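Q: I would like a close look at one part of the structure shown below. Please keep the account connected.
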Amino acid sequence: NQSEEKLVEYMDELEFLALTAGATIDKRFVQKLTQADSKTFIGSGKAQEIKEYVKEHGIGTVIFDDELSPSQLKNLEREMEVKILDRTNLILDIFAQRAQTSYARTQVELAQYQYLLPRLTRMWTHLERQKGGIGMRGPGETEIETDRRIIRDRISLLKEKLKTIDKQMATQRQNRGKMVRVALVGYTNVGKSTLMNAISKSDVFAENKLFATLDTTVRKVVIGNLPFLLTDTVGFIRKLPTQLVESFKSTLDEVREADLLIHVVDISHESFEDHINSVNQTLMEINAHQKPMIMVFNKIDAFAYEKKDEDDLTPETRKNISLDEWMKTWMSKSQYPTVFISALNKENFPEMKKLIYDEVLKIHTARFPYND
Ligand code: GDP
């Protein structure tokens, strides 16, 4: 069943995120609801079931795959008596761990405070409970207000700081002159950094975890005497917290200001089509969807499929479609130049380089029509 498969994939991804954040996973719970419960997100029976499990097994944290509203979070923590994380909080935590430059750290801090602000009440009641406060003698409204004000001030300060850095970065981008700019885009963990390293012979941090890349890296690359700038960008992900979309504006500026996009796809991943859609969605949101683009399907070395039996009449599933067959599907009709590679083994690199060369040359020629 299609939706069951999707569900498993979403949970796999959430588990991968949680592992990246440093958690160990004990158990998964799913519930099918036509609509999320406005008070507790999940139904009360399910909440009870999880609560009992958590108690019995001494679980420290329950993670939800969606963003919970401030009140849902509060209600769930009160009901299940355990620390609750939602998808947004989890992703913010990973970004916080991995931010390397002061720019990235500032962006993450801003996103975290924006996430925190509407959830402050919860924090305080908790703190109060830890201190042994009883029932309604929770924190005084004034305390919450003071704290809100401090956070609001901090938010404006961080925004100012980012504005200054944004300006510096814009100037830097301008100073790069008229060289053609190419940006690697793609879902997280598809191999962008690996490809960047392979093409530019540089040493960008690549790791089999989500969001190894937080900061953009720019490298000058030359293919067949044609120089251009190549940028590695932050990985896109399904349901990226809105706070992050906003605060990573400048990272995405690299994409917005690029002349050419190289959209990297992990074809060995079962949901690669979903990934493509979610990247395209983000490109649309930042108004970068009409740029020239090259589709690079990566990890062909890891592409696995179960061969069909000659007289097997069961319907085709994703698993028994071979790479060759895939290439004849919508891929062959793609409006974009397309290439299938392995960044790891440098397979089909000459073809890929040729495609990049051709596209860069087109842009270059349009920009400098009188040079030959
Ligand atoms: P990014 O998040 O898109 O920058 O992805 P990375 O470059 O960090 O790569 C994520 C993981 O995929 C790493 O473990 C890489 O070694 C692995 N990877 C990258 N390219 C390939 C490939 O062509 N084949 C295989 N099998 N693995 C790859």
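What follows concerns helix α14 and the parts around it. Which residues of α14 are buried, and at what angle do α8 and α14 pack?

A: The model is predicted. I start with the helix itself, then move to its partner, then to the sheet.

Helix α14 covers residues 349-367, which is 19 residues. From its first C-alpha to its last it reaches 27 Å. The expected span at 1.5 Å a residue is also given as 27 Å, and the helix comes close to that value. Its buried residues are Phe349, Met352, Leu355, Ile356, Glu359, Val360 and Ile363. Looking down the axis of α14, these residues fall within an arc of 135 degrees, so they line one face of the helix. Note that Glu359 is listed among the buried residues. The face turned away from the buried side carries Pro350 and Lys362, and both are exposed.

Now the partner. Helix α8 spans residues 192-200 and packs on α14 at an angle of about 85 degrees. The two axes are 12 Å apart. An angle from 65 to 115 degrees counts as roughly perpendicular, so α8 is roughly perpendicular to α14. From α8, the contact is made by Leu195, Ala198 and Ile199. From α14, it is made by Phe349, Met352 and Ile356. Those three residues of α14 also appear in its list of buried residues.

Helix α8 has a setting of its own. Eight of its nine residues are buried, so the helix is largely enclosed by the rest of the structure. The buried set is Lys192, Ser193, Leu195, Met196, Asn197, Ala198, Ile199 and Ser200. Against what do they pack? They pack against the strands β3, β4, β5, β6 and β7, and against α14. Just after α8 comes Lys201, which has a positive phi near 55 degrees.

Those strands belong to an open sheet. It has six strands, in the order β4-β5-β3-β6-β7-β8, with mixed pairing. Strands β4 (217-223) and β8 (338-340) stand at the edges. Each has a single partner strand, so one side of each is left without a neighbour in the sheet. The twist averages 25 degrees from one strand to the next. At the β8 edge, β7 (residues 293-298) pairs with β8 in the parallel sense, over three bridges. Within that pair, Val296 stands opposite Val339 of β8. Another helix, α11 (residues 272-285), lies across β3, β6 and β7. It runs at about 155 degrees to β6.

Two loops complete the picture. Most residues other than glycine have a negative phi. Asn348 has a positive one, near 60 degrees. It sits in the loop between β8 and α14. With a relative accessible area of 28%, Asn348 is partly exposed. Lys299 is another residue with a positive phi, about 65 degrees, although it is not a glycine. It lies in the loop between β7 and α12 (323-327). Its relative accessibility is 22%, so it counts as partly exposed.

To pull the part together: α14 has its buried residues along one face. It is met by α8 at about 85 degrees. The buried residues of α8 pack against strands as well as against α14.

Key
Residues numbered from 1 in each chain as written. Predicted model: local features only at pLDDT ≥ 70, side-chain atom pairs only at ≥ 80, totals over all residues. Heavy atoms only, no water. Pairing = 2+ DSSP bridges. Helix = DSSP H or I, 4+ residues; strand = E, 2+ residues; numbered from the N terminus. Axes fitted to C-alpha atoms, helices over the stretch in contact; angles between N-to-C directions. Contact = heavy atoms within 4.5 Å. Expected span 1.5 Å × (residues − 1). Buried < 20%, exposed > 50% of the residue type's maximum accessible area, 1.4 Å probe, protein only. Arc of directions from axis to C-beta. Parallel < 35°, antiparallel > 145°, perpendicular 65-115°, else oblique.
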